[in-house]
Amino acid sequence: WLVMHLGSVAGIQGYSLGAYLLVLAASAALCFALYRSSAPAWAGGALILVGCVPVLSNMQFTVTAALLTIGSLALALTARRSDGYWPWIAVALLMFLSALVRLYECVFILLLAAPFCIAHLLREADPVMRRRWLAVLCLVGLASGASVAVDRAYYTGQEWQTFRQMNALRRPFTDYGLSAYYAKHRDRLAGSGVSVNDLRMIQQLVNAVAPFVLNARLKPLIEQVSVADRIRFNLHRWHEAVRPFSRFKLYAPLLLLLLAFVAGRYRRAALAASLLLAGIMVFFWLWGRPGIVHVYRPAEVALAAFALIGAGLRRNLLVTAAGMTAFMAILVMNWHIHRANRMESLHAVNDVHAACALPKDELLVVWGPPALKDRHLYRPTSPVGGECGLSLYLVNTLALLPMSLDKLHAVTQDKSLIQALLDGQQFHMLSDHMRIALLRTYLKSHFGVRFTAKLSAPKKSRHLYLVQVEP
């Protein structure tokens, strides 16, 4: 809703501008807390670089929510009685904003911070400060609960019915590993009317394109796999559980956490929180979600920040040298992230120019390639085609939202994308040959029709297709 209704400010998407302001507020709170706790300058700079800077180029609302909670708790851990009520107002506001952005990440960071907060409150002899902690948690809890109730009431509306039904069928396959399970046990697909190609379509987040004909067939597939079967299968996917730690993005915050644990004086709380995080990671692994790096990275940043704020570091030459090494490593990581984003943007330019040559009133379906995907729409320094007023229909997990369907139905006369194709309507689609092949196989196997996709501007773009079903 925010993306489609906030418009743009000075050429920046309103959603992006709001998210940037929230990240800036979280960064300011964390910087102030680190300064007040007398943490070394390299520690503060490293935490900001590893936690806040990458999300500015790859906008993720889950990470934004986690950063807001980290900043809020950092202020609470360094608050003093003489400060008055203003710091606690900021704590409550940041935490409530975090819950509004993404409640699960807010609760996740609160859970990891619990050992540090308990240790802090046990050392806090002033009953006034304890009452302020309790008041903030109660107020934020009540406000968050009320907002969740309003959100649930709105979510149960008739216009959300399509999204609710398909999302419930999609998530076990896309988020919890059932597609991989059936790819390994293809014999269990026998007689279901669902093929491996169909599961690959669902895995590519085409809940707005493919599974309408599969709705009645997916639920039995979900029900026939027991919890024990899932756990046994996921145990054999241990390599996916350790794969995230092969990414350089996780090394830097992990190095800061290890440094805070070895050289800090708050070891018991850091150890308890680390064990809690390890238990959560094992749970994700057994339940089919081992590779969610967007959760692990802010979790490591949170543990490192609370360890530094809660106790500080012993100041000696060895600790300073290790800290500066971590700081330089984080600088290199951010440079690599910036370079990758820059190259991605440059490669997307041709696709954007070809798409901008389309008629202004035409709906462009976007499925797959980096050009015009979500992160480009949120990133103000990337080509997104906004200057040519493109009307985009993004095929992703949000494609069945009421506002997305309204945009599609305005062009298809209230038909789904598949039904419009079957009725002879053609679309320009920004995609790639792999996804085009999946869609072609899907239409042939379920409807017996021939699907054609021709490059619309072969000299300008290798991803802009004109797609239709032959009569």
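This passage describes the overall make-up of a predicted model, then its five-stranded sheet and a nonpolar patch on its surface.

The protein chain contains 22 helices and 7 strands. Of its 471 residues, 50% are buried. The accessible surface of the chain amounts to about 22700 Å², and carbon and sulfur atoms account for 63% of this area. When contacts between residues at least 6 apart in sequence are considered, 75% of them join residues that are at least 24 apart.

An open sheet is built from 5 strands, arranged in the order β4-β3-β5-β7-β6 with mixed pairing. Strands β4 (391–394) and β6 (451–455) are the edges of the sheet, each pairing on one side only. From one strand to the next, the twist averages 35 degrees.

In the strand order, β5 stands between β3 and β7. Its pairing with β3 is parallel and comprises 3 bridges, whereas β5 (residues 427–430) and β7 (residues 464–469) run antiparallel and are joined by 4 bridges. Individual residues illustrate both pairings. On the β3 side, Val366 has Leu430 of β5 as its bridge partner. Leu430 is also bridged to Leu464 in β7. A further bridge between β5 and β7 links His428 with Leu466.

The side chains of β5 are accounted for on either side of the sheet. Both faces of this strand are covered, with Phe427 and Met429 on one side and His428 and Leu430 on the other, all of them buried. Leu430 thus appears both among the buried residues of β5 and as the bridge partner of Val366.

Two helices lie across parts of the sheet. Helix α20 (residues 402–412) lies across β3 (363–366), β4 and β5, and its direction makes an angle of about 115 degrees with β4. Helix α22 (residues 433–447) lies across β5, β6 and β7, running at about 160 degrees to β6. Strand β5 is crossed by α20 and also by α22.

A separate feature concerns the surface of the chain. Tyr85, Trp86 and Ile89 make a nonpolar surface patch of about 440 Å². Tyr85 is located in the loop between α5 (61–78) and α6 (86–101). With a relative accessible area of 58%, Tyr85 is classed as exposed, because the cut-off for that class is over 50%. This value also satisfies the requirement for patch residues, which is over 30% relative accessible area. The exposed Tyr85 contrasts with Phe427, Met429, His428 and Leu430 of β5, which are buried.

Methods: Residues numbered from 1 in each chain as written. Predicted model: local features only at pLDDT ≥ 70, side-chain atom pairs only at ≥ 80, totals over all residues. Heavy atoms only, no water. Pairing = 2+ DSSP bridges. Axes fitted to C-alpha atoms, helices over the stretch in contact; angles between N-to-C directions. Contact = heavy atoms within 4.5 Å. Patch = residues over 30% accessible without salt bridge, like charges linked within 9 Å, V, L, I, M, F, W, Y side chains within 5 Å. Areas by Shrake-Rupley, 256 points an atom, 1.4 Å probe, with all protein chains shown as cover. Salt bridge = Lys/Arg side-chain N within 4 Å of Asp/Glu carboxyl O. Buried < 20%, exposed > 50% of the residue type's maximum accessible area, 1.4 Å probe, protein only.
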